[in-house]
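User: Please examine one part of this structure closely. I should like a connected account of its aromatic residues and how their rings are arranged.

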Amino acid sequence: MAAKEWDNFGSVSSAMVLVNCFQLTYVVDALWNEASILTTMDITTDGFGFMLAFGDLAWVPFTYGMQARYLAHTQVQLSSVHIFAILAVKLLGFTIFRGANAQKNSFRTNPNDPALAHLKAMPTERGTKLLISGWWGMSRHINYLGDWTMSISWSLPCGFGHVVPWFYVIYFAVLLVHRESRDEACCRMKYGKDWDKYCAIVPYHIIPYVY
């Protein structure tokens, strides 16, 4: 898409550079932390089927590329202030996303790790524990907040001239809320009364003090 923008306008905009760098960071981070994917809901609960096959091969490439495609045909000028603000949103989202996921994966793979000694956990009748402090004391799916915040940073370079580059943000919000509800249902069946106790300690679903 950057090459197409160059072909159309004779230059590559800062907006296009931001979008490409953000998405490259997302891909590299996923590959670098590939082992942690094994503890996610996609693997432990959903399994491989139509949803993941269609999503990974068709839906994801289509929706994740909309911002760059939009910029390839639409000129958007960003000031230094705009660039700094967009970078701040991206950094905030990535910090929440990576910090929460790393903490969860470390706890799941080795809950007795001394590096996690400062975290509080609630024991359950199943013999496992649920984190109730750190990132996971803020909300029950705090990583979703980080992921969605990063999606906003992908669309911000496109401005607000059209809804198309914001489709991903809107769709992703719906997906995450639906995914959260499915996960909640599974956890309630899995933990029973312990889940009610956990929800009383960590009352927020995704966004602390909001939802």
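Analyst: The following account concerns the aromatic rings and the helix that carries one pair of them. The model is predicted, so local features need pLDDT of at least 70 and side-chain atom pairs count only at pLDDT 80 or more, while totals for chains, interfaces and linings use all residues. Residues are numbered from 1 along each chain as its sequence is written, and side-chain values use heavy atoms, without hydrogens or water.

Across the whole structure, 17 aromatic pairs are found (rings of Phe, Tyr and Trp, the last by its six-membered ring, with centres within 6.5 Å; planes under 30 degrees apart are stacked, over 60 edge-to-face, the rest tilted). Phe50 and Phe54 form a stacked pair, because their ring centres are 5.5 Å apart and their planes lie at 10°. Both belong to helix H4, where a spacing of four residues separates them by about one helical turn (helices are DSSP runs of H or I, at least four residues, numbered from the N terminus). Phe50 is exposed, at 67% relative accessible area, whereas Phe54 is partly exposed, at 40% (buried is under 20%, exposed over 50%, partly exposed in between, with a 1.4 Å probe and protein chains only). In H4, Leu52, Gly55, Thr63 and Tyr64 are buried.

Phe160 and Trp166 are also stacked, since their centres are 5.2 Å apart and their planes lie at 15°. Phe160 is exposed, at 68%, but Trp166 is buried, at 15%.

Finally, ring pairs join a cluster that includes Tyr26, Trp59, Tyr64 and Trp154.

Notes: Helix = DSSP H or I, 4+ residues; strand = E, 2+ residues; numbered from the N terminus.
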